[in-house]
Every structure is written in structure tokens, then in C-alpha cells.
Amino acid sequence: MGVSRLDVFYRRLLLTKLFIGGWGKPEDLKRIFEFRKIIGNRERCRSILPEDYPVHINKTEEHVDCHIHDGFFFSPLEHLVPGILPPESVKARRSCLKNVSDLFVMGGALILESTVLLRWLEREGYWPLGMTGISMGGYMASLAVTNWPKPIPLIPCLSWSTASSVFTTGVLSKAVNWTELEKQYAINSVYETEIIKLLDYCGTDSFKMGPDCPKSVHSLEDLLVLSGDVIPSVGETSKARGEAAAEGDLLIGEGSEEGGTRDDQLLSSGTNTGMRNRQANNPLNGKKTDSSKCYRPSLHQESISFMKAVMDECTHMANFSVPVDTSLIIGVQAKEDAYIPRTGVLSLQEIWPGCEVRYLNGGHISAYLFKQNVFRRAIYDTFDRFCLKYPDLQ
């Protein structure tokens, strides 16, 4: 099946760039990766939020078919990982994706914030509860449900199992500021020497990994092997990484700015051996660097592979708990979606056995504009299924 021409054309009309600030601070990425191991486990996450987390309601409008509450609460992520949220997001608002790390922060914040809202709705007597959304909203709804400890309807529309393909092979990859990402990756060795070692690769199928493959990497060469850019020698494997660090001060504290600078040499990464002939400084230091000295033929592919790795680490649904009842999930996908590529990645049915996926003709944009009735039908069907299966949960 090809991709929608409308999707491609619409993307060309938009001049905005993604991740203009680069990868984000290395220390932030480290803290995010460690915290992902907590929120990715529903049982570990249950105890980190108080049941009566405060929600402030300023105004309520009562209509014939709905109640509209206007209020706010402070994101729990600010308390658990201090300083990780941009200031405008602390009071349950959103900012743009300036850095790659911002997407991961958004996902972590949303999981916690959704738990707060669902608990509040339960206390207020609302039933039945469910989660739905379109595109990134559908993905975020899926994240929220992985952390909810009860059966709940989920209807993710025009979203899939990981964001890695969205930003590396989908039409949105053309909007990524690869120039800045490549520059930062080349001149700051911490991404290559430290960040890579923190990746767990649980279900990271964008590298076409089988069930017997190692779940962690320790070097750039390992990463390129997994992404198909380097052919490994016979018997070449990487050791499985040890247990993750405990969820104490490392996760909650601000962290230290260590390991962010190294002057070394950077050779063409087209080879697998030898020091890289690098004469570059950490961009976070504010020092000028001759970009011509940072050139290496495979830098773009290295950056794409690194993007796949960090995206799968923090966005792959296989890295999060399976929803309590997958029969209450109905996804809706567009067959020719150019924004959400499904080729080469695990399907939702493989990750969540028992869920249903409905396909419609067309692409991402046409589905959003003209197929809202299909989304609504899936919502009705999922809630009907829930009410029949769990009539006593009210």
C-alpha cells in the first residue's frame, strides 16, 4: 500500500521545524530514561502519586448533555523529577517540541496527569471513563491507559506503537532539524559514549530485533549493527545490561552536569575501528567549533539510528505495561498514512493481544477531515463493550 499524496502535499505546506534546539541536555535524557523504567511499570508507579492529589476547579458549566469543568492542577512530574518540565508546562499546559527530550517529558507528564484526572473523575462519581485521541492524542491516550490499574475503554485513532518511525521515515522526518541534531551528536561525545549505554531496547522492532537479540547496546557500533548499517562479525554480540539504578535521588534530584565535554579525535565513522578524528567542543559550553572538522560521511545515518534508539526507549508501547483488558481497545488506522508508518514496526495486536484495529481508506489528513464518523463509531462500540462486560464497576 502506498502513501497518501495529500499527506505529503500538506506536510510541504507547513514550514515549521521540529527539535530546533537539538536533543536536549544529556543529563535530562539520563533522568528521563531512568524515570521511564518507573512509569513503564504500572505496579511500581501506583504508589508514587497520592490518591487525593489536589485538583482545583474554578468554574463548572452544566449543560443538557455534559458538564464542563474549568480548573487546573500542578503536574506531578515537577515533584518527582524537579526541573525537567519547562516552566509553562508545570501548571498542566503544553509547550512546543523544541528538543527531542521534550517529547519524552510530555509523555511522562501526561501519564501522571491522566492518572490524577481519572482518579478525580472517579471520586466525583463519573462513569464510565475512557480515553481517546487522534494522531499524537491517540498515542498519548494509549500511554495513559497503560498506567491505569483497571479495565478502561481506549480508542487510539491514527496512532501506532512507537514514535521512532514517525520522526525517521514518516513525512514528519522532513521537518526534523537534522542539521542541529547531527552537529550536537558529532561534537558532544556523551550521546555516543554514555546515553547509548542507558537504552534497554525492550521490543525495539525498528531495528528488526528478534526475541533472542540483546536488549541493550554499549557503543555506536552496536547501535549501527542493530539498525542494519554495519554487518557484525561471526559470534559478535553485546552483553545484556545489568539492573537499572534504584529509583532514589538519581531519579528525583537535579543531577550533575558531568561527562558533557570531551576533546577527542573524529575519524570517518564509515569504519568500525580507530579513534575518531574529533577536534570539537561541547556546544553546551558556548564555545565556537569549526563545523568542517566535524564532518564524517555516516553522521546522518548515525543520527537517524540514535533517534530510533531514544524514541523507542521512551515511546515504544512494548516498554510500558499492557492495559488491563485489551479487548476494550479499538484502534482506527488509515491504510495510506504517511505520518504514521507501520512498516517494520510491531503492530498493536502483537503488543496488546486481543485488541481490535479497524482500517479505513486514505491517509492521515483525509481521515482526520472526513472520517470522524468512523472514530465516533469505534468510541460507541468500545464503551458498549465495556458496559456489557463490566456492569458492576460503576
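Me: Ala, Val, Leu, Ile, Met, Phe, Trp, Tyr, Cys and Pro count as nonpolar, Asp, Glu, Lys and Arg as charged, and the others, Gly among them, as polar. With that division in hand, how do the residues of the lining of the largest cavity divide?

Reply: In this predicted model, the lining of the largest cavity divides into 14 nonpolar, three polar and two charged residues. The space in the largest cavity is about 160 Å³, and of its 19 lining residues the closest to the centre are Ile-32, Ile-39, Phe-104, Gly-107 and Gly-108. Helix 2, helix 5 (100-123), helix 6 and helix 12 (299-315) each give two or more residues to this lining, with the largest share, six residues, coming from helix 5.

Me: What makes helix 2 largely enclosed by the rest of the structure?

Reply: A residue is buried if its relative accessible area is under 20%, and 14 of the 14 residues of helix 2 are buried, so the helix is largely enclosed by the rest of the structure.

Me: How do you know what span to expect for helix 2, and what do its end C-alpha atoms show?

Reply: Helix 2 covers residues 26-39, and at 1.5 Å a residue its 14 residues should span 20 Å; the end C-alpha atoms are 20 Å apart, so the two values agree.

Me: Why is the pair of Phe-72 and Phe-74 called edge-to-face?

Reply: Planes over 60 degrees apart count as edge-to-face, and ring centres must lie within 6.5 Å to pair. The centres of Phe-72 and Phe-74 are 5.7 Å apart and their planes stand at 90 degrees, so the pair is edge-to-face.

Me: Why is Phe-72 called partly exposed?

Reply: Partly exposed lies between the 20% and 50% limits, and Phe-72 has a relative accessible area of 22%, so it is partly exposed. Phe-74, at 39%, counts as partly exposed by its own value.

Me: Why is the aromatic pair of Tyr-185 and Phe-306 called tilted, and what parts does it tie together?

Reply: Tilted is the term for angles that are neither under 30 degrees nor over 60, and this pair has 50 degrees between the planes, with 5.2 Å centre to centre. Tyr-185 lies in helix 8 (residues 178-187) and Phe-306 in helix 12, so the pair ties together parts that are 121 residues apart in sequence. Both Tyr-185 and Phe-306 are buried, and ring pairs link them with Trp-23 and Tyr-191 into a cluster.

Me: How do you know that Arg-342 lies over the face of Trp-160?

Reply: The distance limit from CZ of Arg to the ring centre is 6 Å, and Arg-342 is at 5.8 Å from the ring centre of Trp-160, over its face.

Technical notes. Residues are numbered from 1 along each chain as its sequence is written. This is a predicted model: local features need pLDDT of at least 70, side-chain atom pairs count only at pLDDT 80 or more; totals for chains, interfaces and linings use all residues. Side-chain values use heavy atoms; hydrogens and water are left out. Helices (H or I, at least four residues) and strands (E, at least two) are DSSP runs, numbered from the N terminus. The expected span of a helix is 1.5 Å times one less than its number of residues. Buried means under 20% relative accessible area, exposed over 50%, partly exposed in between (1.4 Å probe, protein chains only). On a 1 Å grid over the protein atoms alone, a cavity is a set of points where a 1.4 Å probe fits but cannot get out, and a pocket is an open set with protein on both sides within 12 Å along at least five of seven lines; lining residues have an atom within 4 Å of a point. Grid points are joined across faces, edges and corners, and a volume is the space filled by probe spheres set on the points. Rings of Phe, Tyr and Trp (its six-membered ring) pair if their centres lie within 6.5 Å; planes under 30 degrees apart count as stacked, over 60 as edge-to-face and the rest as tilted. A charge sits over a ring if NZ of Lys or CZ of Arg is within 6 Å of the ring centre and within 35 degrees of the ring normal.
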